[in-house]
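This report looks at how the helices of one chain pack together, and then at charged side chains that lie away from the surface.

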Amino acid sequence: MKEKLVKILSAVLGKEVSADKDISMQSEPLWDSIRHIEIIMTVEEEFNIAFATEDIPYLTSKSEIEQKLLELGL
């Protein structure tokens, strides 16, 4: 799951994302609000899940998305 998420983030942000380092909207200038929606939609599509609407504003880092995926049993 972590490798797949890293690939998604790398593809959407257009740069290599490290599996060992966290990345967030606050630390990555390329992760703007438009790309945030693209990241969320791509993760939902690739993992065949749907995040709760109220969770989406808080999924603003790789670690937060990973944690939510773990909570969803992935």
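The crossing of H1 and H2 is right-handed, a description that, like everything below, rests on a predicted model. The axes of these two helices, H1 and H2, come within 10 Å and cross at roughly 145°. On the H1 side the meeting residues are Lys4, Leu5, Ile8, Leu9, Val12 and Leu13, and they face Arg35, Glu38, Ile39, Thr42, Val43, Glu46 and Phe47 of H2. By character, the residues of this contact divide into eight nonpolar, one polar and four charged.

The largest nonpolar core has 19 residues, and those with the most contacts inside it are Leu9, Trp31, Ile39, Val43, Phe51, Ile65 and Leu69. The elements that give two or more residues to this core are H1, H2 and helix H3, which spans 62-71, and H1 supplies the largest share, with six residues. Leu69, one of the core residues with the most contacts, is in contact with Met1, Leu5, Val43, Phe47, Ile49, Phe51 and Leu74 once neighbours within four places in sequence are left aside.

Two charged residues deserve separate treatment. Glu28 is found in the loop between helix H1 (2-13) and helix H2 (33-47), and because its relative accessibility is 6%, Glu28 counts as buried. Leaving aside neighbours within four places in sequence, Glu28 is in contact with Leu13, Lys15 and Ile23. With Lys15, the side chain of Glu28 forms a polar contact of 2.8 Å, and the Glu28 side chain also reaches the backbone nitrogen of Leu30 at 3.0 Å.

Lys62, by contrast, is found in helix H3, and at 4% relative accessibility Lys62 is likewise counted as buried, since the cut-off for that class is under 20%. Not counting residues up to four places away in sequence, Lys62 touches Leu5, Val6, Leu9, Val17, Ser18, Ala19, Lys21, Asp22, Ile23 and Trp31. Among these, Ala19 offers its backbone oxygen, which the side chain of Lys62 reaches at 3.2 Å.

The polar distances of both side chains are set out here.

| Side chain | Partner | Distance |
|---|---|---|
| Glu28 | Lys15 side chain | 2.8 Å |
| Glu28 | Leu30 backbone nitrogen | 3.0 Å |
| Lys62 | Ala19 backbone oxygen | 3.2 Å |

Read together with the packing above, the contacts of Lys62 include Leu9 and Trp31, both of which are listed with the core residues that have the most contacts, while those of Glu28 include Leu13, a residue of H1 that takes part in the meeting with H2.

Technical notes: Residues numbered from 1 in each chain as written. Predicted model: local features only at pLDDT ≥ 70, side-chain atom pairs only at ≥ 80, totals over all residues. Heavy atoms only, no water. Helix = DSSP H or I, 4+ residues; strand = E, 2+ residues; numbered from the N terminus. Buried < 20%, exposed > 50% of the residue type's maximum accessible area, 1.4 Å probe, protein only. Polar contact = N/O pair within 3.5 Å; in protein donor to acceptor, adjacent residues only side chain to side chain. Contact = heavy atoms within 4.5 Å. Core = buried A, V, L, I, M, F, W, Y, C linked by side-chain atoms within 4.5 Å. Axes fitted to C-alpha atoms, helices over the stretch in contact; angles between N-to-C directions. Left-handed = near helix turned anticlockwise from the far one by under 90°. Nonpolar A, V, L, I, M, F, W, Y, C, P; charged D, E, K, R; others polar.
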